[in-house]
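This report looks at aromatic rings and the side chains around them. Keep the model open as you read.

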Amino acid sequence: MGGVITGFAIIASVIGTGYLLGWRGSLGENGREVLTKLAFYVATPALLFTTLAGADLGVIFSTPLLVTAISTCAVAAVFIALGAIRGWGVGRTTIGALCSSYVNAGNLGIPIAVYVLNDATLVAPVLLFQQLIVMPVALTVLDLSGEGRAGTPVWQRVLTPFRNPVVISALAGVAVAGSGWTVPEQLLEPAVLIGNMAVPAVLLAFGISLHGSSLPGQGDDRWPMLLSVALKSVGMPVVAWAVAAGVFGLGATDVFHVVVTSALPAAQNLFTYASRYQVGVRLARESILLSTVLAIPVLVVVAALLG
């Protein structure tokens with residue numbers, strides 16, 4: 001389980017650095033907002049483009065990905081249904097559904113895939129599914145449900161998501177990958193350099209937000225947060241195991257792989273999106289924090305039972 005410890009230690013150290021920056025006030029009052037905007041408008045789009053431009057789109061049609069897609073949709077649907085019943089609102093329900101089902105396949109999933117699963121490519125289908133389908137759909141919902149759009153023409157609201165830098169970069173990367181064109185290194189290198197800022201910016205902004213925050217589980221977001229953490233940490237791995245073993249009859253190794261990826265915590269970039277749209281910010285922060293803490297014992301149990 002060295003990969004689990006290593007991955008979490010790296011993330012914790014960067015988040016801790018962000019917390020110290022917030023405690024000292026080193027970046028001023030707007031430091032978190034600047035880092036969040038940098039990640040959303042510049043670094044994350046560059047990272048998505050460079051990742052997807054060289055991806056093998058054929059992995060989208062793999063059976064393990066289908067298992068991941070079913071488990072993702074299942075737990076997200078549970079949160080959405082309860083959010084609709086309890087009247088949590090479209091924006092907060094969308095963020096909560098993401099925190100319940102959108103795994104940290106990038107900055108945590110890759111090292112775990114290398115050190116635990118012994119194959120970094122096993123996380124690629126999850127990355128592609130989340131970046132190509134889940135996130136564009138979620139951002140579209142957030143864009144179209146935004147406040148202050150009542151007088152906006154329908155056609156303009158429909159086109160709003162296609163002005164979103166994250167969606168644009170993902171579509172551009174897929175177009176390049178589908179065309180078979182290899183982007184010249186001289187053109188790609190600046191995007192790679194900018195994209196390398198995405199993960200540190202997100203983690204630092206997250207760490208800054210923790211300074212001065214109250215303990216998790218308080219306020220109006222308590223129940224949505226607890227539900228999202230329960231679905232992410234327990235519900236999604238259980239559904240993935242049931243679908244992989246019971247529905248598709250995958251072998252023990254493949255079942256282990258899909259359950260490990262499903263047990264990963266909520267991704268830190270969800271906090272960036274919540275901050276960008278100013279909805280469910282506390283819900284995202286606390287869900288990410290608690291699911292990340294719980295992911296260590298959950299992954300240890302998964303490895304003991306299925307590894």
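## One cluster of rings

Start with four residues. Phe40, Tyr41, Tyr273 and Tyr277 form one aromatic cluster. The model is predicted.

## Aromatic pairs

How many aromatic pairs does the structure hold? The count is five. One of them joins Phe40 and Tyr277. Their ring centres are 6.2 Å apart. The planes meet at 90 degrees, and the pair is edge-to-face because that angle is over 60.

Where do these two residues lie in the chain? Phe40 is in helix H2, residues 31–53. Tyr277 is in helix H13, residues 269–277. The two are 237 residues apart, and their pair links distant parts of the chain. Are they buried or exposed? Both Phe40 and Tyr277 are buried.

## A second link to helix H13

Phe206 and Phe271 also form an edge-to-face pair. Here the centres are 5.6 Å apart, with 85 degrees between the planes. Phe206 belongs to helix H10, residues 198–210, and Phe271 to helix H13, so the pair ties together parts that are 65 residues apart in sequence. Phe206 is buried, and Phe271 is buried too.

## Charges over rings

Tyr277 has another partner. The charged end of Arg276 sits over the ring of Tyr277, 4.9 Å from the ring's centre. Tyr277 is also part of the aromatic cluster with Phe40, Tyr41 and Tyr273.

Which residue lies over the face of Trp223? It is Arg222, at 5.0 Å from the ring centre.

Technical notes. Residues numbered from 1 in each chain as written. Predicted model: local features only at pLDDT ≥ 70, side-chain atom pairs only at ≥ 80, totals over all residues. Heavy atoms only, no water. Phe/Tyr/Trp six-rings, centres within 6.5 Å; stacked < 30°, edge-to-face > 60°. Helix = DSSP H or I, 4+ residues; strand = E, 2+ residues; numbered from the N terminus. Buried < 20%, exposed > 50% of the residue type's maximum accessible area, 1.4 Å probe, protein only. Lys NZ or Arg CZ within 6 Å of the ring centre and 35° of its normal.
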